[in-house]
Amino acid sequence: AGIFMIVYGSFGRDRELFLEGIHQFSIHIKCLFDSDSELFSHGYHCLEQKRLGAHWGRGNGWIAAALAEILPLIKEEDEAADFAEVFVRVMERAYHLRAESGMLHTLLDAPDSYEEATASMLFGYAALAGYRMGILDGKFAKWARQIAASLRFYENGAVQQASGGTDCQDAPGYYNIPYTQSSYADGITLMFLSALLGYGKGGAA
């Protein structure tokens with residue numbers, strides 16, 4: 001919803017909606033971004049005011065891709081001045097946590113957790129977008145292509161190594177989420193491959 005609010009509002013249709021979208025992103029960053037690890041936690045307990053879950057790959061990928069979508073629209077907004085800094089920090093951290101294949105793990109900072117396609121593709125999408133915007137260097141475009149080369153597909157076209165629905169939980173629980181075919185994995189695949197080919201927000205590289 002935050003992406004829609006900012007995109008719709010940025011065309012002058014609704015300034016209040018635009019600012020509320022920025023405010024929502026600010027809340028998410030304030031609550032979920034762990035500055036020590038430079039990664040986002042999976043959830044947040046509003047009453048106890050503490051982060052929950054682990055540094056889940058797909059969740060971090062979603063916010064990286066979302067920031068890549070909105071950064072070109074909010075660069076002059078004071079409240080969002082630190083969004084680009086957070087984006088670069090999480091992208092650099094994920095880059096350094098990648099496996100030899102270029103893929104990311106379902107828990108980004110747990111190298112013994114399995115490699116996971118949706119997290120990898122979301123970061124690949126964000127990497128292409130950041131490179132196109134000029135805030136990420138060429139290694140990120142190369143990383144995106146490495147991710148693409150590491151993807152494998154079932155005969156029906158669905159991407160392999162995509163984790164199923166994942167609740168916020170203690171770290172060991174993430175290891176037991178099975179791979180599954182899903183509509184969200186299909187959507188992320190289309191986002192990433194379209195960007196790689198130059199048709200999406202990520203742009204060609």
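## H55 and its surroundings

In this predicted model, H55 is buried, its relative accessible area being 13%, and it belongs to the loop that runs between β4 (50-52) and α3. The side chain of H55 is engaged in a polar contact with the side chain of S37, at 3.3 Å.

When residues up to four places away in sequence are left aside, H55 touches D34, S37, L39, F40 and S41, together with N60 and with T106, L107, L108 and D109. S37 therefore appears both as the polar partner of the H55 side chain and among the residues that the buried H55 touches.

## E69 and the packing of α1 against α3

E69 is a residue of helix α3, which covers residues 57-74, and with a relative accessible area of 17% it falls under the 20% limit and so counts as buried. A polar contact of 2.3 Å joins the side chain of E69 to the side chain of Y125.

Helix α3 also packs with helix α1 (residues 2-10), the two axes coming within 10 Å and crossing at roughly 25°. Because angles under 35 degrees count as roughly parallel, α1 and α3 are described as roughly parallel to each other, and their crossing is left-handed. On the α1 side the residues that meet α3 are I3, I6, V7 and S10, while α3 contributes A66, E69, I70, L73 and I74; E69 is thus one of the residues of α3 that meet α1, in addition to having its side-chain contact with Y125.

## The packing of α4 against α6

Helix α4 (residues 83-97) packs with helix α6 (residues 138-150) at an angle of about 50°, and the axes of the two helices lie 12 Å apart. This angle is neither under 35 degrees nor within the range of 65 to 115, and α4 and α6 are therefore oblique to each other. The crossing in which α4 passes α6 is left-handed.

From α4, the contact is made by M91, E92, A94, Y95 and H96, and from α6 by K139, F140 and W143.

## L104 in strand β5

L104 lies in strand β5, which comprises residues 104-105, and it is buried, with a relative accessible area of 0%. Leaving out residues up to four places away in sequence, L104 touches A94, L97 and R98, then Y114, E115, E116, A119, S120 and F123, and also W143. Two of these residues, A94 and W143, also take part in the contact between α4 and α6.

Between L104 and F33 there is a separation of 71 residues in sequence, and the distance from C-alpha to C-alpha is 19 Å.

## The cysteines

Zero disulfides are found when the whole structure is searched. C46 takes part in no disulfide, as the nearest cysteine sulfur, belonging to C31, is 6.4 Å away, whereas a disulfide would require the two sulfur atoms to be within 2.5 Å. C46 counts as exposed, its relative accessibility being 61%.

C168 is likewise in no disulfide, and the nearest cysteine sulfur, in this case that of C46, is 12 Å away. With a relative accessible area of 37%, C168 is partly exposed.

Technical notes
Residues are numbered from 1 along each chain as its sequence is written. This is a predicted model: local features need pLDDT of at least 70, side-chain atom pairs count only at pLDDT 80 or more; totals for chains, interfaces and linings use all residues. Side-chain values use heavy atoms; hydrogens and water are left out. Buried means under 20% relative accessible area, exposed over 50%, partly exposed in between (1.4 Å probe, protein chains only). Helices (H or I, at least four residues) and strands (E, at least two) are DSSP runs, numbered from the N terminus. A polar contact is a pair of N or O atoms within 3.5 Å; within protein, one must be able to donate a hydrogen and the other to accept it, and residues adjacent in sequence count only if both atoms are side-chain atoms. Axes are lines fitted to C-alpha atoms, for helices over the stretch in contact, and angles run from 0 to 180 degrees between N-to-C directions. Angles under 35 degrees count as roughly parallel, over 145 as roughly antiparallel, 65 to 115 as roughly perpendicular and the rest as oblique. A crossing is left-handed if the near helix is turned anticlockwise from the far one by less than a right angle, and right-handed if clockwise. Contact means heavy atoms within 4.5 Å.
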